[in-house]
Amino acid sequence: MKPLSEKTALITGASAPNGIGRAIAHKLAADGANVVVTDRPGQIAIDGSMKCTTHLLDELVAELSTPSTKARALPLDVTDCDQISSVVHQCVADFGSVDILVNNAGSLAGSADFLTTTQAEWEMSYRVNVQGPMLLAQAIIPYMKACGGGRIINIGSTGSLGAEPGFGAYTAMKHALVGLSKTLASEFGPDNILCNTVCPGYIATDMHEAANVRLAAEACESLEATRKRRYASVALRSAGLPEDVAHAVAYLAGPAGRYVTGINLPVAGGVPMGI
């Protein structure tokens, strides 16, 4: 029997082909979980062209579905409280429960020099990176309590633990996400609900590469020079892969993580970042 058989996982921000959410979905499905993948309806830039997130999620569901594993895609903007309520109710109606919540959706809004960050960018970063996970937890925890427990895994960042210049709003919100995780771990531990934060470092995703491109332009240097400069702080001197993060999530979601809650787990190749 697979470690997550008969469990259901809800994963936000899962459409990007080279994203952490997609890798997590594949790993949890491989471990036996039924998987509900979500993302905001619209277009995202992939390899220089625009792709429809709905189509990308449908492709992911086709990849995940097997005779023993069910997968479903649902549209979800994590800044919309009504959509959150609808998605959670749909998951419970389809699968009977939501045993694992992975708050992966994130925004780099406000990733700029601090003095040029606008109030609108700061607020958008808060709504996606902090408020969305909070609202999802509020919607799902009552069902987890009724089923005897569950796992909530928030995807933070090494920016949750330290700081890197040029990512003010993002860093502030990822620090707040750690506070949310610790609050949930403390308050709902008696209900057998475990909550942890996985903190990726430099992971080779489309979002990470977009940040590299921005920083290279700001520094008037080549993209390769920017990568080399940033990865010089990594003990392994390279970016990680989305699958590296997915394995950490699977550990915290599975039976091996039954006595682990309230932690920050860096998956970062040894990035200091003020930790």
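Helix axes here are lines fitted to C-alpha atoms over the stretch in contact, and angles between them run from 0 to 180 degrees between N-to-C directions. By that reckoning, helix 3 (residues 81-95) and helix 4 (residues 119-146) come within 10 Å and cross at roughly 35°. The model is predicted. This briefing starts with that helix pair. It then turns to aromatic rings, single residues and backbone angles.

**Helix 3 and helix 4**

- The crossing of helix 3 past helix 4 is right-handed.
- From helix 3, the residues that meet helix 4 are Cys-81, Ile-84, Val-88, His-89 and Val-92.
- Helix 4 brings Gly-132, Leu-135, Leu-136, Ala-139, Ile-140 and Tyr-143 to this meeting.
- Leu-136 also appears among the contacts of Asn-103.

**Aromatic pairs**

- There are 2 aromatic pairs in the structure.
- One joins Phe-114 and Trp-122, with ring centres 6.5 Å apart. Their planes stand at 80°, so this pair is edge-to-face. The cut-off for that class is over 60 degrees.
- Phe-114 has 55% relative accessibility, so the residue counts as exposed.
- Trp-122 has a relative accessible area of 33% and is partly exposed.
- Tyr-202 and Tyr-231 make up another pair, and this one is tilted. Their centres are 5.5 Å apart, with 45° between the planes.
- Tyr-202 sits in the loop between strand 8 (193-200) and helix 6 (206-219), while Tyr-231 belongs to helix 7 (residues 223-231). The pair therefore ties together parts that are 29 residues apart in sequence.
- Tyr-202 and Tyr-231 are both buried.

**Around His-208 and Arg-214**

- His-208 is part of helix 6.
- Its relative accessibility is 10%, so His-208 counts as buried. The limit for buried is under 20%.
- His-208 touches both tyrosines of the tilted pair, Tyr-202 and Tyr-231. Ile-203 and Arg-230 are also touched by His-208; residues up to four places away in sequence are not counted.
- Arg-214 places its charged end over the ring of Phe-167, 4.9 Å from the ring centre.

**Asn-103**

- Asn-103 is in strand 6 (residues 100-103).
- With 4% relative accessibility, Asn-103 counts as buried.
- Its side chain makes a polar contact of 2.8 Å with the side chain of Asn-154.
- Beyond neighbours within four places in sequence, Asn-103 is in contact with Thr-12, Pro-133, Leu-136, Ile-152, Ile-153, Asn-154 and Ile-155.

**Tyr-170**

- Tyr-170 is found in helix 5, which spans 168-188.
- At 14% relative accessibility, Tyr-170 counts as buried.
- Its contacts, leaving aside neighbours within four places in sequence, include Ser-107, Leu-108, Ala-109 and Ser-111. Also in contact with Tyr-170 are Ser-125, Asn-129, Gly-156 and Ser-157.
- Tyr-170 and Ser-238 are 68 residues apart in sequence. In space, they are 22 Å apart, C-alpha to C-alpha.

**His-26**

- His-26 lies in helix 1 (residues 20-30).
- His-26 has 33% relative accessibility and counts as partly exposed.
- Leu-60, Glu-63 and Leu-64 are touched by His-26, not counting residues up to four places away in sequence.
- His-26 and Thr-158 are 132 residues apart in sequence. Their C-alpha atoms are 23 Å apart in space.

**Positive phi angles**

- Most residues other than glycine have a negative phi.
- Glu-6 has a positive phi, near 70°, and is not a glycine.
- Glu-6 lies in the segment before strand 1 (8-11). At 69% relative accessibility, Glu-6 counts as exposed. The cut-off for exposed is over 50%.
- Asn-192 also has a positive phi, near 65°, in a residue other than glycine.
- Asn-192 is in the loop between helix 5 and strand 8. With a relative accessible area of 42%, Asn-192 is partly exposed.

Conventions: Residues are numbered from 1 along each chain as its sequence is written. Side-chain values use heavy atoms; hydrogens and water are left out. Rings of Phe, Tyr and Trp (its six-membered ring) pair if their centres lie within 6.5 Å; planes under 30 degrees apart count as stacked, over 60 as edge-to-face and the rest as tilted. Buried means under 20% relative accessible area, exposed over 50%, partly exposed in between (1.4 Å probe, protein chains only). Helices (H or I, at least four residues) and strands (E, at least two) are DSSP runs, numbered from the N terminus. A charge sits over a ring if NZ of Lys or CZ of Arg is within 6 Å of the ring centre and within 35 degrees of the ring normal. A polar contact is a pair of N or O atoms within 3.5 Å; within protein, one must be able to donate a hydrogen and the other to accept it, and residues adjacent in sequence count only if both atoms are side-chain atoms. Contact means heavy atoms within 4.5 Å. A crossing is left-handed if the near helix is turned anticlockwise from the far one by less than a right angle, and right-handed if clockwise.
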